[in-house]
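Hello,

I am passing on the structure that I have been looking at, and I hope that you will open it alongside this email. Please read the notes below with it in view.

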Amino acid sequence: MIPSIPQAAYARRLYATYVGAFFLYLFAPLAVVAVLGFNDSLFPALPWEGFTLDWFLSPGPRRVGLLHDQGLLRGMVTSAQVALWVAGLSVAVGTCNAFLFEQEEFPLKQALYALALTPLVIPGVILGISILLFSSTVAGAIEHWIGVEVEALRPGLPLVVLGQFSFITTLATLIISARLRKFDRSLEEAALNLGASRAVAIWTVTLRFLRPALLGAAAVAFLMSFENFNTTLFLVGSDATLPITMFISVRDGSTPVINAVSLLLMVGSAGIGLIGIFSGFEGKRP
Amino acid sequence: MSVRAQRLLGLAVFLTPALLWLLLLIVLPHVDLLLLSIRPKGGAGAVSPANYTRFFAEPIYWNTFARTAAYSILATFLTLLIAFPVAYYIAKVARGRAKGIMFLLCLLPFWVSELVRVYGWMILLRESGILSGLLVWTGLLPRPVEMLYNDLAILIGLVYTSMLFMVVPLVTVLDSLDDSLIEAAYDLGGTAPSILREIVIPHAMPGIAAGSIVVFMLTLGNYLTPALLGGKESLWFTEQIYNQFIIRFNWEQGSAFGFLLLILSSAIVWVGLRLTGQTLASAVQTR
Amino acid sequence: MTGPIDLEVRDVARSFGGFRAVQGVSFEIPKGSFFSILGPSGCGKTTLLRMIAGFLEPDAGDILIGGRSMLGVPPNRRPVNLIFQHLALFPMMSVAENVAYGLRRRGVGRAEIRERVEGMLTRIGLPGTGEKRIDQLSGGQKQRIAIARCLVLEPTALLLDEPLGALDLKLREQMKVELKLLQEQIGTTFVYITHDQSEALVMSDQVAVMNEGRFEQVDTPQGLYYRPQTAFVAGFVGESNRWQGAVAAAAGEEVRVRTREGMDLVARMADGLTAGHPVEVFVRPEGITLARAEAELGALPNRLAGTVETVLFDGAKSRVMVREARTGGEITAALPQSGRCADLAPGQTVHLGWEAGGGVCFRRAE
């Protein structure tokens, strides 16, 4: 049960073996993806034909490496742009929300808080279609009444940003609120007492205290936006994000260039994830 | 400016973004979803339950719906079953550095895109894949076998992809269980199974609820994993929604499907919270 | 205290890595007695208790409960129960379910469980609280429920791991008395560990003073207070003036000591000392007679005069700090309760005296 309670050696070993098997299960898929990115073969499969960097570097035409695959490169840039927007917006709104729910008092606060949490329990697909519907309703109404076609409300990157922002904001709110709850408000009062206005007090004292959480929330938001698929699927226009591009090539049969890009993603997300961890938050949502 | 006016200004500054976000991106879109779902295709203005009656009239629709729900429950249960001993090990058995490292190792695979994780399973399971090759090589199979594109493959992928959302709340809640409670129960004559049943699981209930709710919701609304691991005939309900929206361009029917999925998801979340005596806030915050 | 031995510990030792937490401890506890292990934090008392409870295995030695060796017996099979420092009441269960927990594990019938639980709750003065939740109880009530949860199993001995530590001062004073009375009433052997000497002295029949993994002295509370056997005990139990010096002359049980400051004192010696030995002398403030005039001291062998430095008024525990006139050494004495010295003020001259037996002298390691 716990180390202080005597337990038969075989039971302890059995338990440790189970945990070991679990980690094998956890890492096997990633390991094969990474290793096969270096296989000198046209297919992401065994047998091992020897080591090659072709799937990273080859300019084509038979083998197109990652650095020369325009589709994947474009997807990567698109995803990064979207993720930056989502991270910025959701941390900004999440910070306001944290102050709203931790420091302000107003009628129906609990109800609004419950509503703010719901995006986490709405399936991503549903968020995607409802935002698709509503934006096209609004676009239709604007066109009907004003006669202006609003391009941003049709499937495309602005909608993708909004769709991802709609639920990632809840997470940013939770991360930042958790830190703000630990904030000693008398520090802010001391700043007010020393002549600062509330805005200045928040800017100079509270936000500085929140900085690790802001960084952590931004890292989590960036990661989740970058890899989002279910919500994005319905909102994406002609510029596909990386997961969408990869989905199509994986579904229709891929070359090991997908392994190469996956390996790059693993390294990148591990780096960003560690920023998130060391800013004091663990956990995320796809 | 008076103190009161200043306070109201502060409230307004913080309240406005929250209201815009929730109203424009959550409330109104879902109202719109409901409104569109009760309109026949092309028939503006009229209200009709046709989209819902079609759902019940076509066995393929409600069969897929029921199948998705059943598999989601099964996947949630399996995830809990696999994750619990691991979470317990990390929280209660591992000590010091090993504990932190193991927890980090649990998180690591889930920072990578779900697509990469599913892709890994495709490489493992397909006919020319690692697992099949391994079994042939050891002589357990006479020739390679296709292990992809079936229900078991979908289940494996869903369980794998949900693991983190179970492990994290379980580790958090089990970490908060005081060792002395287990020792006290043991000192009073308890045995491992009875302590698990009467002390550990009741204590872990908030984490179990939080993890299960999130895993169920994610599984139910997953499109990527069933589509890639289940192939063309994955029969997952999100696929029906996708077909209606993107392929047939029947948004009205798609909305009805989406709304049904939303109701199912919300109902199970609500029942889960009720059964374990949790609130949404407490369930979400253990993450 | 005679009669059968409930708990016997023989030469038990336990190390953690290179740290020797408990080294060669032996003792016996007679049936029905209240036995305390008193020591500073880190002295090994918790390790010792957890070995008796079964949560740690000793590296060497044996533990016998009711005459039976407990080596290799897991905690859930030992006839002793442990009261945890933070009580470890199960928050997911009601009061009655907590008390019934051990009985359920033994497969006792439901009707009998209900009867015994209610009987136990009545005995500890909390009848009818069975349906309450743990968080509805006060600190003192939780304490009693934790004890009831163990006593209902009729253990050979009850082990208590500083259970009063988490209570506030007033409740702690009250619980001390309550625990003592409860133990006398039910007659179960209690093994109580604490770093609080007052808890140990007030409640116990026997106290073991533990330091750096060893027992310094096992004695009655009076024995520890009046006849400490080691310098550690003399310094740890009760308050003392403490001086370092060397033996000037030794005769029988008495020694004459010259302190570093130059004071000449007569004290009782605890071990064989001869002239020249470096020593430490302990004198209790409450053993010192305080007088305005030297004549009042009568024939006391130790006499000093000095000026009052400061008066630390604390009711019955009031102290006077005096600076000795000749050597400048500092002495703390108890303020007499008679009120005779109530108006003592800094700067006044006072005379101090005490019996030869009022001071005790130990060899000092150099």
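What follows describes how the two chains meet and then how the domains of one chain meet.

Please keep in mind that this is a predicted model. Where chain B meets chain A, 98 residues of chain B are in contact with 93 residues of chain A, and the two chains bury about 8,500 Å² between them, with 79% of that area on carbon and sulfur atoms. On the side of chain B, the residues that lose the most area to chain A are B:Phe14, B:Trp21 and B:Trp111, which together account for 10% of what that side buries.

As for polar interactions between chain B and chain A, there are 12 residue pairs in polar contact and one salt bridge, in which A:Glu227 pairs with B:Arg117 and the closest N and O atoms are 3.7 Å apart. Helix H1 of chain B, residues 3–37, gives the most to the side that touches chain A, with 21 residues, and that side as a whole divides into 75 nonpolar, 13 polar and 10 charged residues.

Within chain B, the domain assignment gives domain 1 (1–37) and domain 2 (53–286), whose centres, taken over C-alpha atoms, are 34 Å apart. Five residues from domain 1 and seven residues from domain 2 make the contact, and the area buried between these domains is about 550 Å². B:Leu33, B:Leu36 and B:Ser37 supply 76% of the area that domain 1 buries against domain 2, while the count of salt bridges between the two domains is zero.

Best wishes

Technical notes
Residues numbered from 1 in each chain as written. Chains lettered and ligands numbered in written order. Predicted model: local features only at pLDDT ≥ 70, side-chain atom pairs only at ≥ 80, totals over all residues. Heavy atoms only, no water. Contact = heavy atoms within 4.5 Å. Buried area = accessible area lost by both parts, 1.4 Å probe. Salt bridge = Lys/Arg side-chain N within 4 Å of Asp/Glu carboxyl O. Polar contact = N/O pair within 3.5 Å; in protein donor to acceptor, adjacent residues only side chain to side chain. Helix = DSSP H or I, 4+ residues; strand = E, 2+ residues; numbered from the N terminus. Nonpolar A, V, L, I, M, F, W, Y, C, P; charged D, E, K, R; others polar. Domains from an automatic or database assignment.
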